[in-house]
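User: Could you take a close look at one part of this model for me, namely the place where the two chains meet, and then carry on to whatever lies beside that part? I am in my first year, so please go step by step.

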2 protein chains.
Amino acid sequence: MVCLLKIRGMLQQMSVIERKLADFILDNAHLLRDYSSQQLADAVGTSQSSVVKFCQKLGYKGYPDLKLAVNEAVITASTLNRENSEQSQAQNDLVGLVEQFQFSLHSHLRGILEINPEKTLLDVVDGLAQADKVLIAGFGKSGIVAHDMQFRLLQLGKLAIMHSDPAMALQLASTLNSGSIMLLVSESGQNTDLLKLARYAKQRQIRLISLTSYKTNALSMAADIALFALSGDENVRINPILVQLAQQHLCHILYLLLCQQQNNDHQLEAISKLLNVLEQP
Amino acid sequence: MVCLLKIRGMLQQMSVIERKLADFILDNAHLLRDYSSQQLADAVGTSQSSVVKFCQKLGYKGYPDLKLAVNEAVITASTLNRENSEQSQAQNDLVGLVEQFQFSLHSHLRGILEINPEKTLLDVVDGLAQADKVLIAGFGKSGIVAHDMQFRLLQLGKLAIMHSDPAMALQLASTLNSGSIMLLVSESGQNTDLLKLARYAKQRQIRLISLTSYKTNALSMAADIALFALSGDENVRINPILVQLAQQHLCHILYLLLCQQQNNDHQLEAISKLLNVLEQP
DNA sequence: CCAACAAGGAATAAATTATTCAATACTGAG
DNA sequence: CTCAGTATTGAATAATTTATTCCTTGTTGG
């Protein structure tokens, strides 16, 4: 950062060749990374020794030193730009696509803490921690989220049950009792099978947590605690992925909070033992 | 940023000397700026040539290349920290945890494009686009990724088959033919059942794509195209999640690329009709 | 136990960078 | 206008840094 300013500041009191060098560097700071002093000399049309002298005149030890400084400037500049200007449009298709995606994702994830009050999250964590069993359900895309969450809870030694077949899920629900808890995941919050499960939970007085898109829907209304993931990207392809990832992300946050709550020593041991078993052929 | 993650991710499979080098670099990333390869060698207690080989093994052109990358990492890290620490430090536990998690996630996702050359991604997309069937397999955590990818491909109208039971997966594999392709997902890249599938694919001359952590492993070696997700967060809880999410993210990128490649009009219609059906009670 | 192979370091080659020095151009005083 | 003094530049070269080669050693798998 400072480096380029320094060069710019000395432009006036420079000789012709020095000035050419300075201009080139200012215009192509990002290219310098892959230039040797000789290449830079050629690009500007001067000698390699002049390049080195130029560097020393500016107060740097030598060419690599200047190069490093310029690189630093480029990076801080681009980092700040990414933070501020949000997206770099210029790049090619693939990179652009990915960056746009990652940016949207980032926003969606950051939004999670805003639409789910801290207290809600802690309540859910408490509920999960105290439950003797957790029934997780979700079908289709939400099945992936449900599956993921089941895996996390099992990793914590918490009995989590789920089945991707709705009928089986209902059967599993019959094994719950008043100390159990149900976590229903749905993008729309309108899935019939999930609503059946919700109704069943009400009848049996089983605590119900919902995880849906952020809009009023039957499932979240029925739930004791409602968790939400942002929706609403305009891209038809990307939006469902973002919602799903936001849901997963929320689950992961819950998982991490649960980890904190537990006494870790005991659990870490169990994990490492399990890993040992898993890693053996 | 990515550079240090990359190094961390490969820590396990490093020899003693390499490991010493890696540790030193990770601990003293900010010092590297002023070290020559010889100085680094002396500091670690090894030979200059080993330093260079270490750099090349990590995929860099040579020592200056690694040095530059490390420098970049140091700078972006410190820049981002400055941006973030103002807010996140003050707040309470929950917010801090989440922000730390999101920050790590962000880094890992950004790294994907760096460790998977663009050409590789496009090759995979081509392969998937041309395949008549795709067999996806992954067990445990990777099963979630596999499941997710299956869902995406089906959404595109691409026949994707998978089963969470290894024996069933093998049975499914027998339905493949030379126009098919296999996508095997594994964190370690050492899962026995997946390796069986890989061997079977080799015999039947079925193209094989692997998706594993970024380190040499049996699966990626056997694959025609190897995709990688960064690993190596020091937090035992968070690291598996990051790897899984990175894998999913990579799948999502492939999905989006496939979307672009297809003629969208036709497909969008199919999707919307399917959505209509799904949304009806 | 041996062959095959990988890892590491010493030696050396290649490259990059820094310095020296001579040529040229410019400046200002006489 | 001229000439000494000075600054600028680049060619040549020295010095340093980096990359490669090759050989030793140790390890693994048969």
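Analyst: In this predicted model, the contact takes 40 residues from chain A and 39 residues from chain B. On the side of chain A that touches chain B, at least two residues each come from α5 (63–85), α6 (93–115), α7, α8 (141–155), α12 (238–261) and α13 (264–279) of chain A. Of these, α6(A) gives the most, with 10 residues. If the residues of this side of chain A are sorted by character, 22 are nonpolar, 9 are polar and 9 are charged.

One of the helices just named leads on to the sheet of chain A. This is an open sheet of 5 strands, paired in parallel and arranged in the order β2-β1-β3-β4-β5 (chain A). Its edges are formed by β2 (160–161) and β5 (225–229) of chain A, each of which pairs on one side only. Helix α7 (residues 118–130) of chain A packs on this sheet, where it touches β1 (134–137), β3, β4 and β5 of chain A, and its direction makes about 120° with that of β5(A). Within the sheet, strand β3 (residues 181–185) and strand β4 (residues 207–213) of chain A pair in the parallel sense over 5 bridges, and L183(A) stands opposite I209(A) in β4(A).

A further helix of chain A, α9 (residues 166–173), holds A167(A). A167(A) counts as exposed because 9 other C-beta atoms lie within 10 Å, and a residue is called exposed when that number is 12 or fewer.

How values were computed: Residues are numbered from 1 along each chain as its sequence is written. Chains are lettered from A and ligands numbered from 1 in the order in which they are written. This is a predicted model: local features need pLDDT of at least 70, side-chain atom pairs count only at pLDDT 80 or more; totals for chains, interfaces and linings use all residues. Two strands pair if DSSP finds at least two bridges between them. Helices (H or I, at least four residues) and strands (E, at least two) are DSSP runs, numbered from the N terminus. Two residues are in contact if their C-beta atoms, placed from the backbone, lie within 7 Å. Axes are lines fitted to C-alpha atoms, for helices over the stretch in contact, and angles run from 0 to 180 degrees between N-to-C directions. Ala, Val, Leu, Ile, Met, Phe, Trp, Tyr, Cys and Pro count as nonpolar, Asp, Glu, Lys and Arg as charged, and the others, Gly among them, as polar. A residue is buried if 20 or more other C-beta atoms lie within 10 Å of its own, exposed if 12 or fewer, and partly exposed in between; C-beta atoms are placed from the backbone.
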